[in-house]
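Please open the model in your viewer and keep the sequence panel beside it. The stops below are meant to be followed in order, with a new selection at each one.

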Amino acid sequence: MKSFSQKTKEPLFEIENFSPCCDRAELFGLLLFAGNINSRSIRMVSESPLAAEKFCGLLSRLFGFSGAPKKDGKFYTVLCTDMGIVAKCLYSLRLCENNINFRIIPEIIEKPCCKKAFLRGAFLGGGTVIDPNKNYNMEFLSRYPLLTEDFIAFLKGLGFSFKKVTRKGSLVVYTKNSETICDILSFLGASASFMEYLNIKIEREVRNDFTRTSNGETANMDKVFIASARHIHAINKIENSIGLSSLPDDLRETAVLRLENRDLSLEALGKLFTPPLTKSGVNHRLNRILKISENL
């Protein structure tokens, strides 16, 4: 069964860019988060055949690469050792051949369309989004500290707030904010996953609101029952000791109404008096009854 993340990525692999600059930006995202390049080769290893095919397609359109992914166990590998293609790729991505520094190059993601293509490449190469039924979480696995800092700043520039953490020796850029995740899915063009995520998010919030309200009502009822039990115990003690007739008229009336309406709140009980009493008025009388009971 496909994960939510896999289902989210599938339509993104099919998106075609309208210009070479966006192809370059998307390839850059894939390379930084799932590939590697040096002066002699370009390599990408992924568990996703679609990611490997996407990488090959971008290399082909941009630099004339004619290779294909090779399957090795559960992984798919793309390897280019053509020195001409490697040189053109290094130059196009503004990477220094003798001292390659894996960082985001502003020039490559200057246009809004290129920013979107780059983020799509980064997500397809190293991103994951958890099923919202389980948890709210989107993360990108990064291999380089400077790239991590650049990527967080890049996301912030798009209006997306992410944090970083080190997990099992790897750098992870993540967010647990459901609204941010929805916005990114929409930004990337993952329409179906965006709608599914949004619907699940709304259902969860409605369910949580109902649970909080229900718990609050239950807690309030518990308080009513506990208070009522104290009052009933005190009234019964007075009746068995000195009799309710010994109480002043106002307290005797209160005691009788409490005995007859054990499950009512003080506010509701006050409405039974003639004239009606406020909640604080009823509470004051019951406290006097409690004190009389304590002195017996």
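Which residues of the largest nonpolar core touch the most other members? In this predicted model, select I42, F55, F118, L119, M138, F140 and F151, which hold that position among the 64 residues of the core. Add helix α2, residues 20-34, to the selection, since this helix gives the most to the core, with 10 residues. Before moving on, select A234, L251, L266 and L290, which are among the 15 residues of another core that lies apart from the one just shown.

Return now to F118 and display its surroundings: setting aside neighbours within four places in sequence, F118 is in contact with A25, E26, F28, G29, L32 and F33, and also with I104, I109, F151 and F154.

The next stop is the sheet. Colour its 4 strands in the order β5-β6-β8-β7, and you will have an open sheet with antiparallel pairing. At its edges are β5 (127-129) and β7 (163-167), each of which pairs on one side only. Looking across the sheet, neighbouring strands are turned by 25° against each other on average, when direction is ignored.

Zoom in on β5 and on strand β6, residues 138-142, where 3 bridges join the two antiparallel strands. Select G127 here, and its bridge partner in β6 will be found at F140, a residue already met among those touching the most other members of the largest core.

Finally, select helix α6, residues 145-157, which lies across β6, β7 and β8 (170-175) and runs at about 10° to β8.

Definitions and conventions. Residues numbered from 1 in each chain as written. Predicted model: local features only at pLDDT ≥ 70, side-chain atom pairs only at ≥ 80, totals over all residues. Heavy atoms only, no water. Core = buried A, V, L, I, M, F, W, Y, C linked by side-chain atoms within 4.5 Å. Buried < 20%, exposed > 50% of the residue type's maximum accessible area, 1.4 Å probe, protein only. Contact = heavy atoms within 4.5 Å. Pairing = 2+ DSSP bridges. Axes fitted to C-alpha atoms, helices over the stretch in contact; angles between N-to-C directions.
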